[in-house]
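User: I'd like to walk through this structure with you. Can you take my questions as they come?

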Amino acid sequence: MAHLYERYLTNTKEVEVTALEGIEAFRSFLISLGMPKNFEELGAKEENIPKLVEILCRGNGREGSISGFVTLHEKDCAEIYRMML
């Protein structure tokens, strides 16, 4: 059965397009709920990023990273937050 998904796993351009479409759909959904779409609308600034990263990666007993589909370390989280400015 894995062979059915092989083309999706090896065609990175298609995977990227699908991921970007999913991100845009999720973003549109959040906006439809009236949620802020970036840090500016939230009132956060670049100087807030170190504290936000600390809370995210070291809060609740975490040891400098968060895990899910992939593990994100403090540097990764800071880069993602900077993209949200």
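User: Let's start with Arg-58. Is that residue buried or exposed, or something in between?
Analyst: Arg-58 is partly exposed, at 43% relative accessibility. Keep in mind that this is a predicted model.

User: What does Arg-58 pair with?
Analyst: Glu-74. The two form a salt bridge, with the closest N and O atoms 3.0 Å apart. Glu-74 is in helix H5 and Arg-58 is in helix H4, so the pair links parts of the chain 16 residues apart. Glu-74 is partly exposed too, with a relative accessible area of 28%.

User: How many salt bridges are there in the structure?
Analyst: The count is 3. Side chains of opposite charge can pair when their charged atoms come close.

User: OK, what does Arg-82 pair with?
Analyst: Arg-82 meets Glu-46 in a salt bridge, at 3.5 Å from N to O. This pair also links distant parts of the chain: Arg-82 is in helix H5, Glu-46 is in the loop between H3 and H4, and they are 36 residues apart. Arg-82 is partly exposed at 42% relative accessibility. Glu-46 is partly exposed at 45%.

User: And which residue pairs with Lys-37?
Analyst: Glu-41. Their closest N and O atoms are 3.3 Å apart. Lys-37 has 42% relative accessibility, which means that Lys-37 counts as partly exposed. Glu-41 is partly exposed as well, with 46%.

User: Switching topic. How many helices and strands does the chain have?
Analyst: It comes to 5 helices and 2 strands. From the N terminus on, the order is α-α-α-α-β-β-α.

User: How much of the chain is buried?
Analyst: Buried residues make up 12% of the 85 residues. The chain exposes about 7,100 Å², and carbon and sulfur atoms supply 59% of that area.

User: What share of the contacts is between residues far apart in sequence?
Analyst: Take contacts with a separation of 6 or more. Residues 24 or more positions apart account for 35% of them.

User: Back to H4. Which of its residues are buried?
Analyst: Helix H4 covers residues 49-58, and its buried residues are Ile-49, Val-53 and Cys-57. They sit on the same side of H4, because they cover an arc of only 45 degrees around the axis.

User: Why would residues with that kind of spacing line up?
Analyst: An α-helix has 3.6 residues a turn, so residues three or four places apart point the same way.

User: What do the buried residues of H4 pack against?
Analyst: They pack against H3, strand S1 (65-67), strand S2 (71-73) and helix H5 (74-83).

User: How many disulfides are there?
Analyst: The count is 0. Cys-57 is in no disulfide, and the nearest cysteine sulfur, that of Cys-77, is 3.6 Å away.

User: Why doesn't 3.6 Å qualify for Cys-77 and Cys-57?
Analyst: The cut-off for a disulfide is 2.5 Å between cysteine sulfur atoms. The sulfur of Cys-77 is 3.6 Å from that of Cys-57, so the two are too far apart for a bond.

User: Are Cys-57 and Cys-77 buried or exposed?
Analyst: Cys-57 is buried, at 0% relative accessibility. Cys-77 is buried too, at 3%.

User: What comes just after H4?
Analyst: Asn-60, which takes a positive phi of about 55 degrees. That is a positive value in a residue other than glycine. Asn-60 is found in the loop between H4 and S1. Its relative accessible area is 76%, so Asn-60 counts as exposed.

User: Last topic, the surface. Which residues make the nonpolar patch?
Analyst: Phe-26, Phe-29, Leu-33 and Met-35 make a nonpolar surface patch of about 420 Å².

User: Where is Met-35 in the chain?
Analyst: Met-35 is in the loop between helix H2 (12-32) and helix H3 (39-42).

User: And how accessible is Met-35?
Analyst: Met-35 has a relative accessible area of 42%, so Met-35 counts as partly exposed.

Note on methods:
Residues numbered from 1 in each chain as written. Predicted model: local features only at pLDDT ≥ 70, side-chain atom pairs only at ≥ 80, totals over all residues. Heavy atoms only, no water. Patch = residues over 30% accessible without salt bridge, like charges linked within 9 Å, V, L, I, M, F, W, Y side chains within 5 Å. Areas by Shrake-Rupley, 256 points an atom, 1.4 Å probe, with all protein chains shown as cover. Salt bridge = Lys/Arg side-chain N within 4 Å of Asp/Glu carboxyl O. Helix = DSSP H or I, 4+ residues; strand = E, 2+ residues; numbered from the N terminus. Buried < 20%, exposed > 50% of the residue type's maximum accessible area, 1.4 Å probe, protein only. Contact = heavy atoms within 4.5 Å. Arc of directions from axis to C-beta.
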